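Visitor: I would like a close look at a single part of this protein, followed outward into its surroundings. Please take it slowly and keep to what the model shows.

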Amino acid sequence: MNDYSIGLVAGVAIGALIILVFKLRNRGSLETSAEKAEYLTRQRARMLPVLAILLITQQGAFLSSTDDGRTVDHVKIAAWVVMAAIVLLALVTGGGWAFPKQVRDLANDESTQLHRLRAMRLGFINAMLTCFLLYVLGMFTPVPGRDAIHIVTTVGLASALISFAALERRALRNA
């Protein structure tokens, strides 16, 4: 097994462990599906900015170091891929995988779906604008492909996460 595979397996294992701890922690505290959906909605609105900060700081760690082919560099890159994939999956599906489908359906009502679509649209626009900026920057200084991919992905995902969180928090405040 190569270094990338080890990093991917470690990232998936940590994600599964987080979901398991989450499930065990909340298994008896909430009674109805509506209470669970309300809890999921509030937790999602709290966690999305935290995920954005983690994604951005992980990006900073990537750009501040050089890739010397060390095992730690491969694990770091694989961890970033896992993190970005989980964030994208959470944005697309609405998250809450530890809850039953009925609870997820309640938490992902029409307004939440609209918020998520608006956030993903903003993330896409910001990713495209970042591509344009990197293209212009590339005329003056070379931008390695891997760096460009990291920057575009991070800007797109982070802006979508922050936008979705802001829309959800505003909706919860007005409810």
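In which helix does Thr154 lie?

Guide: In this predicted model, Thr154 lies in helix 6, the helix that spans residues 145-174. Thr154 counts as buried because its relative accessible area is 6%, which is under the 20% cut-off. Once its neighbours within four places in sequence are left aside, Thr154 is in contact with Leu55, Ile56, Gln59, Trp80 and Ser159.

One of these partners, Leu55, leads on to the largest nonpolar core, where Leu55 is among the residues with the most contacts, together with Leu48, Val87, Leu91, Leu157, Leu161 and Phe164. That core has 15 residues, and helix 2, helix 3 (71-93) and helix 6 each supply at least two of them. Helix 6 gives the most to this core, with 6 residues. Within this setting, Leu48 touches Leu161, Phe164 and Ala165, not counting residues up to four places away in sequence. Apart from this core lies another, of 5 residues, which include Leu40, Phe99, Val103 and Ala107.

Helix 6 also takes part in the second largest pocket, whose lining draws at least two residues each from helix 2 (33-63), helix 4 (101-107), helix 5 (110-138) and helix 6. The space in the second largest pocket is about 200 Å³, and of the 14 residues that line it, Glu38, Thr41, Asp109, Thr112 and Leu172 are the closest to its centre. Helix 2 supplies the largest share of this lining, 5 residues, while by class the lining has 7 nonpolar, 3 polar and 4 charged residues.

Notes:
Residues numbered from 1 in each chain as written. Predicted model: local features only at pLDDT ≥ 70, side-chain atom pairs only at ≥ 80, totals over all residues. Heavy atoms only, no water. 1 Å grid on protein atoms, 1.4 Å probe; cavity = no way out; pocket = protein on both sides within 12 Å on 5 of 7 lines; lining within 4 Å. Points joined across faces, edges and corners; volume = space filled by probe spheres on them. Helix = DSSP H or I, 4+ residues; strand = E, 2+ residues; numbered from the N terminus. Nonpolar A, V, L, I, M, F, W, Y, C, P; charged D, E, K, R; others polar. Buried < 20%, exposed > 50% of the residue type's maximum accessible area, 1.4 Å probe, protein only. Contact = heavy atoms within 4.5 Å. Core = buried A, V, L, I, M, F, W, Y, C linked by side-chain atoms within 4.5 Å.
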